[in-house]
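This report describes the fold of a single chain, its sheet, the packing of its aromatic side chains and one buried charged residue. The sequence and the structure are shown first.

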Amino acid sequence: KGLFLVRSHGDTLFIEDAGLGHYLSQSTGRIPYADMQRMAYYELRHQHQLYTRLDASFEIYKTRGGIDVPFFFTFKSDLRLVVLIDAGATPSEKSVKSITWLKKKFTNFRAVILTRGDDALILDKNAAAIPLRWIV
């Protein structure tokens with residue numbers, strides 16, 4: 001029930017999920033890529049379960065050519081939403097090339113790249129990069 005609630009206590013904010021709050025409060029520097037992926041998974045999976053009326057599949061998409069999409073949504077409307085994760089502050093060349101290839105394969109396609117950056121970056125009318133912290 002209170003998994004993603006943030007409550008204020010004086011001047012301090014607390015996340016009701018103690019594990020997530022503890023993890024986010026650690027100041028050890030950069031978050032490892034695997035942890036970025038794990039945090040995105042928990043949030044996206046939660047949203048997928050919360051909004052089941054969207055009737056979308058939630059899976060991984062990989063090709064022999066090296067495209068590795070950790071979060072690939074296919075909606076009943078045939079819209080594909082791809083969520084990639086990059087360890088840098090801006091989208092990597094590999095992610096941008098993956099999006100270019102996927103746009104050729106799927107006509108109804110949107111993409112989001114989650115980064116360590118501070119700002120959003122519009123790649124084109126169907127693709128953008130946003131900071132991971134905006135969704136977690």
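In this predicted model, six strands make up an open sheet with mixed pairing, and their order across the sheet is 3-4-5-6-8-7. The edge positions are held by strand 3 and strand 7; each has a single partner strand, so one side of each lacks a neighbour in the sheet. From one strand to the next, the twist averages 20 degrees. Strands of a sheet pair through backbone hydrogen bonds, in either the parallel or the antiparallel sense.

**The chain as a whole**

The chain contains three helices and eight strands, and these follow one another along the sequence in the pattern β-β-α-α-β-β-β-α-β-β-β. Of the 136 residues in the chain, 32% are buried. The exposed area of the chain is about 9000 Å², and carbon and sulfur atoms supply 54% of that area. Among contacts between residues at least 6 apart in sequence, 41% join residues at least 24 apart.

**Helices across the sheet**

Helix 2 (residues 33–50) lies across strand 3, strand 4, strand 5 and strand 6, and runs at about 10 degrees to strand 4. Helix 3 (residues 93–105) lies across strand 3, strand 4, strand 5, strand 6, strand 7 and strand 8. The angle between helix 3 and strand 6 is about 165 degrees.

**Strand 8 and its partners**

Strand 8 (residues 127–131) pairs with strand 7 (residues 121–124) in the antiparallel sense over three bridges. Strand 7 and strand 8 form a hairpin, with two residues between them. With strand 6 (residues 109–115), strand 8 runs parallel, and five bridges join the two. Bridge partners that involve strands 3, 4 and 8 are listed below.

| Residue | Bridge partner | Strand of the partner |
|---|---|---|
| Leu-121 | Ala-129 | strand 8 |
| Ile-122 | Ala-128 | strand 8 |
| Ala-111 | Ala-127 | strand 8 |
| Glu-59 | Phe-72 | strand 4 |

How many of the five residues of strand 8 are buried? Five of the five are, and the strand is mostly covered. In a regular strand the side chains alternate between the two faces of the sheet. In strand 8, Ala-127, Ala-129 and Pro-131 are on one side, whereas Ala-128 and Ile-130 are on the other. These residues are all buried, and both faces of strand 8 are therefore covered.

**Aromatic pairs between strand 3 and strand 4**

At the other edge of the sheet, strand 3 is paired with strand 4 in the antiparallel sense over six bridges. A search of the whole structure finds six aromatic pairs. One of these is the stacked pair of Phe-58 and Phe-71, with 6.1 Å from centre to centre and 10 degrees between the planes. Phe-58 lies in strand 3 (residues 56–62) and Phe-71 in strand 4 (residues 68–75), so this pair ties together parts that are 13 residues apart in sequence. Phe-58 counts as buried because its relative accessibility is 17%, under the cut-off of 20%. Phe-71 also counts as buried, at 3% relative accessibility.

The rings of Tyr-61 and Phe-72 form a further pair, which is stacked because the centres are 4.8 Å apart and the planes are at 20 degrees. Tyr-61 lies in strand 3 and Phe-72 in strand 4, so the pair links parts that are eleven residues apart in sequence. Both Tyr-61 and Phe-72 are buried. In addition, Phe-58, Phe-71, Phe-73 and Phe-75 form one aromatic cluster.

**Arg-80 in strand 5**

Is Arg-80 buried or exposed? Arg-80 counts as buried because its relative accessibility is 16%. Arg-80 lies in strand 5 (residues 80–85). The side chains of Arg-80 and Asp-78 are joined by a polar contact of 2.9 Å. Leaving aside neighbours within four places in sequence, Arg-80 is in contact with Phe-72, Phe-73, Thr-74, Phe-106, Asn-108, Phe-109 and Arg-110. Among these contacts, Phe-72 also belongs to the stacked pair with Tyr-61, and Phe-73 belongs to the aromatic cluster.

Technical notes
Residues numbered from 1 in each chain as written. Predicted model: local features only at pLDDT ≥ 70, side-chain atom pairs only at ≥ 80, totals over all residues. Heavy atoms only, no water. Pairing = 2+ DSSP bridges. Helix = DSSP H or I, 4+ residues; strand = E, 2+ residues; numbered from the N terminus. Buried < 20%, exposed > 50% of the residue type's maximum accessible area, 1.4 Å probe, protein only. Polar contact = N/O pair within 3.5 Å; in protein donor to acceptor, adjacent residues only side chain to side chain. Contact = heavy atoms within 4.5 Å. Phe/Tyr/Trp six-rings, centres within 6.5 Å; stacked < 30°, edge-to-face > 60°. Areas by Shrake-Rupley, 256 points an atom, 1.4 Å probe, with all protein chains shown as cover. Axes fitted to C-alpha atoms, helices over the stretch in contact; angles between N-to-C directions.
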